[in-house]
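Reader: I would like to take a close look at a single part of this protein and understand what surrounds it. Please go slowly, and explain each term when it comes up.

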Amino acid sequence: MTVHTVVVAAFDGVRLLDVSAPLEVFSTAGSAGPAGSGYEVLVCTPDGRDVRTSCGLRIGADLAVAAVAGADTLVVPGAVDVELCVAAAPAVAGLAARSGRVASVCTGAFALGAAGLLAGRRATTHWEHAAELARRFPEAVVDADAIHVRDGEVWSSAGVTAGIDLCLALVEEDRGPAAARAVARDLVVFLQRPGGQSQFSAASRTPPTAHPVVRPLLDAVVADPAADHSAPVLARRAGVSARHLTRLFREQIGATPAGYVERVRVEAARILLEGGASVTGAAARSGLGSDETLRRAFARHFGVTPSAYLARFRTAAADASYA
């Protein structure tokens with residue numbers, strides 16, 4: 001095996017972790033492999049000067065975009081402001097033409113889309129921006145729940161830390177599963193995390209609302225997921241009809257009362273499982289009731305069974321203890 005060149009294209013306003021995660025994964029993989037079989041990881045910027053990330057920290061550049069002769073892998077990070085990603089598209093298009101494969105992290109997919117690299121391809125991005133990516137680039141097939149997606153030599157990943165998952169997958173393709181597993185253990189992360197983006201926080205995926213009827217009910221459900229939160233009970237608590245309450249929920253958060261309650265309960269069950277609870281215990285304490293109800297809800301929301309999730313979580317924890 002020869003040295004594999006990875007170029008990370010950074011720009012002002014880029015998210016720090018979108019850059020540092022690939023650097024960490026590939027540099028760790030390079031240091032763990034035999035001499036001469038690792039990775040050369042470089043950061044390029046538009047003019048070869050340092051750039052300031054969205055959190056204010058500066059990142060040093062190894063070279064300018066124009067000085068990149070070629071790369072085995074080009075990594076395009078994202079930014080909080082997707083317009084910064086779109087503005088980087090001309091540079092990304094030029095770099096992609098000189099690269100073997102291209103991968104985006106988070107909203108870096110907008111740079112790929114604007115560079116014409118997503119036409120006719122499957123892609124993903126941060127769940128919060130997936131609909132916008134699909135709207136701007138209708139020629140792309142956007143998978144809003146995927147952690148990362150490969151379509152040919154174009155790869156894309158979900159928000160921020162999903163860049164780690166993506167780069168581990170790239171290492172696995174280059175160096176095999178043992179090398180990727182070694183990096184995952186060193187970084188104490190899943191080699192392949194269970195489920196999709198839908199597993200991340202019902203609260204964070206719920207549109208914010210200060211509605212005087214809906215907000216107190218949302219807070220009450222989160223505070224005690226196992227309580228009776230049926231639509232009639234919630235309606236009586238709010239002093240409105242069940243039909244009117246459903247209409248308010250749809251208007252304010254885009255879900256029915258029952259749908260929101262299930263999301264919160266599934267998240268509570270997930271946290272309980274990660275804390276060591278059994279499937280039966282998590283079902284009871286989260287308010288889902290039975291193992292079968294929990295199994296069906298997990299399959300709907302995460303795409304895996306609770307037993308499979310629990311097995312992966314505990315295996316990863318066990319592996320990390322030997323890292």
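Where in the structure is the place of T45?

Author: T45 has its place in strand β2, which covers residues 39–45; strands (E, at least two residues) and helices (H or I, at least four) are DSSP runs, numbered from the N terminus. Before going further, please keep in mind that this is a predicted model, in which local features need pLDDT of at least 70 and side-chain atom pairs count only at pLDDT 80 or more, while totals for chains, interfaces and linings use all residues. Residues are numbered from 1 along each chain as its sequence is written, and side-chain values use heavy atoms, with hydrogens and water left out.

T45 counts as buried because its relative accessibility is 0%, where buried means under 20% relative accessible area, exposed over 50%, and partly exposed in between (1.4 Å probe, protein chains only). If neighbours within four places in sequence are left aside, T45 is in contact (heavy atoms within 4.5 Å) with A10, V51, A61, L63, A64 and V65.

Strand β2 also holds Y39, which leads us to the aromatic rings. The structure holds three aromatic pairs, and rings of Phe, Tyr and Trp (its six-membered ring) pair if their centres lie within 6.5 Å, with planes under 30 degrees apart counted as stacked, over 60 as edge-to-face and the rest as tilted. In one of these pairs F26 and Y39 are tilted, with 5.0 Å from centre to centre and 55° between the planes. This pair links distant parts of the chain, since F26 belongs to helix α1 (residues 16–32) and Y39 to strand β2, 13 residues apart. F26 is buried because its relative accessible area is 0%, and Y39 counts as buried at 12% relative accessibility.

Another pair is formed by F110 and F137, whose ring centres are 6.3 Å apart and whose planes stand at 65°, so the pair is edge-to-face. Here too distant parts of the chain are linked, as F110 lies in helix α4 (residues 108–114) and F137 in the loop between α5 (130–136) and β9 (141–142), 27 residues apart.

Returning to Y39, we find that the charged end of R175 sits over the ring of Y39, 5.0 Å from the ring centre; a charge sits over a ring if NZ of Lys or CZ of Arg is within 6 Å of the ring centre and within 35 degrees of the ring normal. F26, on the other side of the tilted pair, is in contact with V6, Y39, V41, V75, C167, L170 and V171, again leaving aside neighbours within four places in sequence.

F26 is also, along with C44, L74 and L112, among the residues with the most contacts inside the largest nonpolar core, which has 59 residues. The largest share of this core, seven residues, comes from helix α6 (residues 162–175). A nonpolar core is a set of buried Ala, Val, Leu, Ile, Met, Phe, Trp, Tyr and Cys residues joined through side-chain atoms within 4.5 Å.

For a comparison with T45, consider V102 in strand β7 (residues 99–104), which counts as buried because its relative accessibility is 5%. Not counting residues up to four places away in sequence, V102 touches L74, V76, A96, L112, L117, E153, V154 and W155. The C-alpha atoms of V102 and V154 are separated by 5.0 Å, although these residues are 52 residues apart along the chain.
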